[in-house]
Amino acid sequence: MADRALRRRCERILADLGLPDAAGVRELCDVLAGRQGRPIHLIGEHLPTSSPCGLAVRTERFDVVFYEAGTSRMHQEHIIRHELGHLICGHLTAPVLDAEASRLLLPDLDPSLVQAVLGRTDYSEVQEKEAEMIASLLLRRSVLARPRPAATEDPVLNRLHHTLIDPGGR
Ligand SMILES: [Zn+2]
């Protein structure tokens, strides 16, 4: 699939959801949870090095997004947006349970409740591209909605703004 077609499709998916532009990741989770009628919990964990740095888990009653706690906030938010991308695109409909991941990550969660545990390696390449595109579109929307900071105010945000919004600008 051409990247432009992928992008258009992902933009349409987000537009159909009617997500608020300014949403931070927690607000996004709340809105998505409302849309799908199922709570989404965000849990920061020190994930095993062999596992991906994010993981979306679907149970009968709720979804959980695990993200690596031992990394920068910006990276954490990217991981969360990426995993939300999988949720948004419906990648979690297939009931795939990785018993190993379940034992490592969800020792307190009754395995019979878990309908799907998918790590990065379990997704197809197209699904990964979709989730990554959703993640970057969500980031772009959240940055766009913020007031443009003064150059000295927040160099990171400023650079992000420059890269995402105005790549050809000053
Ligand atoms: Zn992924």
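## The chain at a glance

Of the 170 residues in the protein chain, 43% are buried (under 20% relative accessible area; exposed means over 50% and partly exposed is in between, using a 1.4 Å probe and protein chains only). Keep in mind that this is a predicted model, where local features need pLDDT of at least 70, side-chain atom pairs count only at pLDDT 80 or more, and totals for chains, interfaces and linings use all residues. Residues are numbered from 1 along each chain as its sequence is written, and side-chain values use heavy atoms, with hydrogens and water left out.

The protein chain has six helices and four strands (DSSP runs numbered from the N terminus: H or I with at least four residues for helices, E with at least two for strands). Going along the sequence, you meet them in the pattern α-α-β-β-β-α-α-β-α-α. Now look at contacts (heavy atoms within 4.5 Å): among those between residues at least 6 apart in sequence, 57% join residues at least 24 apart.

## The zinc site

What holds the zinc ion? It is coordinated by NE2 of His 82, NE2 of His 86 and two OE donors from Glu 128, at 2.0 to 2.6 Å. Donors here are N, O and S atoms within 2.8 Å of the metal (3.2 Å for Na, K and Ca), and water is not among the atoms, so sites may look incomplete. Along the chain, the donors follow the spacing H-x3-H-x41-E. That pair of His 86 and Glu 128 links distant parts of the chain: His 86 sits in helix 3 (residues 73–88) and Glu 128 in helix 5 (residues 125–145), 42 residues apart. Both His 86 and Glu 128 are buried.

The site is irregular, with angles of 51 to 133° among the four donor atoms. For four donors, tetrahedral would need all angles between 85 and 135 degrees; square planar (four donors) and octahedral (six) need opposite donors over 155 degrees apart and all others between 65 and 115, and anything else is irregular. For reference, ideal angles at a metal are 109.5 degrees for four tetrahedral donors, and 90 or 180 degrees for six octahedral ones.

## Two helices side by side

Two packed helices are described by the angle between their axes and the distance between the axes. Helix 2 (residues 25–36) packs against helix 3 at an angle of about 15°, and their axes are 10 Å apart. So helix 2 runs roughly parallel to helix 3. The axes are lines fitted to C-alpha atoms, for helices over the stretch in contact, with angles running from 0 to 180 degrees between N-to-C directions. Angles under 35 degrees count as roughly parallel, over 145 as roughly antiparallel, 65 to 115 as roughly perpendicular and the rest as oblique.

The crossing of helix 2 and helix 3 is left-handed (the near helix is turned anticlockwise from the far one by less than a right angle; clockwise would be right-handed). Which residues meet there? From helix 2 come Val 25, Leu 28, Cys 29 and Leu 32, and they meet Glu 77, Ile 80, Arg 81, Leu 84 and Ile 88 of helix 3.

At Gln 36, also in helix 2, the relative accessible area is 31%, so this residue is partly exposed. Its C-alpha atom is 9.3 Å from that of Ile 88, though the two are 52 residues apart along the chain.

## Residues in the strands

Start with strand 1 (residues 40–45), home of Leu 42. Leu 42 counts as buried because its relative accessibility is 17%. Leaving out residues up to four places away in sequence, Leu 42 touches Arg 26, Cys 29, Val 65, Tyr 67 and Ile 80. In strand 2 (residues 54–59) you'll find Thr 59, buried with a relative accessible area of 1%.

Strand 3 (residues 63–68) contains Asp 63. Is Asp 63 buried or exposed? With a relative accessible area of 0%, Asp 63 is buried. Its contacts, again not counting residues up to four places away in sequence, include Gln 36, Arg 38, His 41 and Leu 87. Phe 66 is in strand 3 too, and at 4% relative accessibility Phe 66 counts as buried. From Phe 66 to Ile 43 is 4.8 Å, C-alpha to C-alpha, while the pair are 23 residues apart in sequence.
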